[in-house]
Amino acid sequence: MIQDIAPYQFKNEYTPGACTAHDRIISFDEEGRLLARVGEDGIEYADASEAGCPDDAVYLFSISGHGYYMANIRREDLPGSDYYTVRQLRDRTGGYELFAGFTAYHLWQWYSSNRYCGRCGSATVPDDTERALVCRKCGNVIYPRINPAVIVGVINNDSMLITRYRSGYSHNALIAGFTEIGETLEETVAREVREEAGLMVRNIRYYKSQPWGMAMDILAGFFCDVDGDTDIRMDDGELRYAVWTRREDIVLQPDDLSLTNEMMRMFKEDRIADFYRTEEV
């Protein structure tokens, strides 16, 4: 999945400080597109050695000893570069720098959306000790927003419920949705399947989770079994199609970046039961 970047090591501790020549600078335009060089060797962001270290650079995180900072730099400071959306980067390449771009985009959205205090309207400033924005006037403290959401693999004997979204990502997917106020994750699973496919489910069991900076999400994957009626009543406002698909007929996504694709692969290769047996040992 996108966060599996070994042997590189991601550290999200908030340790702000001046950037150095071997650190990376990620620059966004007003639409949230990242400035990067993209080629056969993957994604390359600006080194501070070539783009400089702007005084207002904001520390984001580090990967294997290289700090990543957010700052506005000129396209001329990174010859051969262009601006890309995170979706365009995903379609072109993978690797640890794609994960860096997704995570930086998550933070860019948060910083951009909280320049002013939602309580009193005053300008916010970064806190000195933790990842937070602070209003010096009223004391309001704003932490990064992380949206909980679920990915659901609904199983009907040797078939899985495969969907495609009405808009956006065009490849095969699973039922998905955001957790609402007052819900458990398991209740979100049952509600989303009922709303999007008209099905009841049972035996809801957690699989894995994944950060997904494109939508400021933390995704929690669950498998479950259809309960009773198997006739699909699809919400065509959300989905283009939703069909029971035998495991041998499932067409996977074109990359191995998403939790969704891993869950489809687990079912396609009939490895789900083995996974839960291993977890119990």
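Colleague: What do β15 and β16 form, and how many residues lie between them?
Modeller: β15 and β16 form a hairpin, with four residues between the strands. Met216, in the turn, has a positive phi of about 60°. Keep in mind that this is a predicted model.

Colleague: What makes β15 and β16 a pair?
Modeller: Two strands pair if there are at least two bridges between them. β15 and strand β16 (residues 217-226) have eight bridges, so they pair. The sense is antiparallel. Trp212 stands opposite Asp217 in β16.

Colleague: Trp212 also has a ring partner. Why is the aromatic pair of Phe102 and Trp212 called edge-to-face?
Modeller: The count of aromatic pairs comes to 14. For Phe102 and Trp212, the distance is 5.1 Å centre to centre, and the limit is 6.5 Å, so the two rings pair. The planes stand at 70°. Over 60 degrees counts as edge-to-face, so the label follows.

Colleague: Which parts does the pair of Phe102 and Trp212 tie together?
Modeller: Phe102 lies in helix α3 (residues 96-113) and Trp212 in strand β15 (residues 201-212), so the pair ties together parts that are 110 residues apart in sequence. Both residues are buried.

Colleague: How do you know whether Tyr105 and Trp108 are stacked or edge-to-face?
Modeller: Their ring centres are 5.8 Å apart and their planes are at 20°. Under 30 degrees counts as stacked, so this pair is stacked. Tyr105 and Trp108 both lie in helix α3, three residues apart, about one turn of the helix. Tyr105 and Trp108 are both buried.

Colleague: Which residues do ring pairs link into a cluster?
Modeller: The cluster holds Phe10, Phe61, Tyr68 and Phe99.

Colleague: Over which ring does the charged end of Arg247 sit, and how do you know?
Modeller: Arg247 sits over the ring of Phe267. Its charged end is 4.1 Å from the ring centre. The distance limit is 6 Å, so that condition is met.

Colleague: Is Arg247 buried or exposed, and what makes it count that way?
Modeller: Its relative accessibility is 14%. Buried means under 20%, so Arg247 counts as buried. Arg247 is found in the loop between β17 (239-246) and α5 (259-268). Leaving aside neighbours within four places in sequence, its contacts are Asn157, Asp158, Phe267, Lys268 and Asp270.

Colleague: What makes α5 mostly covered?
Modeller: Eight of its 10 residues are buried. Among them are Leu259, Asn261, Met264 and Phe267.

Colleague: Two contacts of Arg247 deserve a check. Is Asn157 buried or exposed, and how do you know?
Modeller: Asn157 has a relative accessibility of 67%. Exposed means over 50%, so Asn157 counts as exposed. Its place is in the loop between β12 (147-156) and β13 (159-165). Its phi is near 55°, a positive value in a residue other than glycine.

Colleague: And what phi does Asp270 have?
Modeller: Asp270 has a positive phi of about 55°, although it is not a glycine. Asp270 is in the loop between α5 and α6 (272-280).

Colleague: Why single out such values?
Modeller: Most residues other than glycine have a negative phi, so a positive one is worth noting. Most peptide bonds are trans. The bond from Ala6 to Pro7 is cis, with omega near 10°. Pro7 is found in the segment before β1 (10-11).

Colleague: How many disulfides are there, and how do you know that Cys138 has no bond?
Modeller: The count is zero. The sulfur of Cys138 is 3.7 Å from the closest cysteine sulfur, in Cys135. A disulfide needs sulfur atoms within 2.5 Å, so this distance is too far. Cys138 is partly exposed, with a relative accessible area of 29%. Cys224 is buried at 0%.

Colleague: What is the order of the three strands in the open sheet, and which stand at the edges?
Modeller: The order is β4-β3-β8, with antiparallel pairing. β4 (42-44) and β8 (82-84) each have a single partner strand, so one side of each is left without a neighbour in the sheet. Those two strands stand at the edges. On average, neighbouring strands of this sheet are turned by 60° against each other, direction ignored.

Colleague: What makes β3 and β4 a pair?
Modeller: Three bridges join strand β3 (residues 34-39) to β4. At least two are needed, so the strands pair. Val38 stands opposite Ile43 in β4.

Definitions and conventions. Residues are numbered from 1 along each chain as its sequence is written. This is a predicted model: local features need pLDDT of at least 70, side-chain atom pairs count only at pLDDT 80 or more; totals for chains, interfaces and linings use all residues. Side-chain values use heavy atoms; hydrogens and water are left out. Rings of Phe, Tyr and Trp (its six-membered ring) pair if their centres lie within 6.5 Å; planes under 30 degrees apart count as stacked, over 60 as edge-to-face and the rest as tilted. Buried means under 20% relative accessible area, exposed over 50%, partly exposed in between (1.4 Å probe, protein chains only). A charge sits over a ring if NZ of Lys or CZ of Arg is within 6 Å of the ring centre and within 35 degrees of the ring normal. Contact means heavy atoms within 4.5 Å. Axes are lines fitted to C-alpha atoms, for helices over the stretch in contact, and angles run from 0 to 180 degrees between N-to-C directions.
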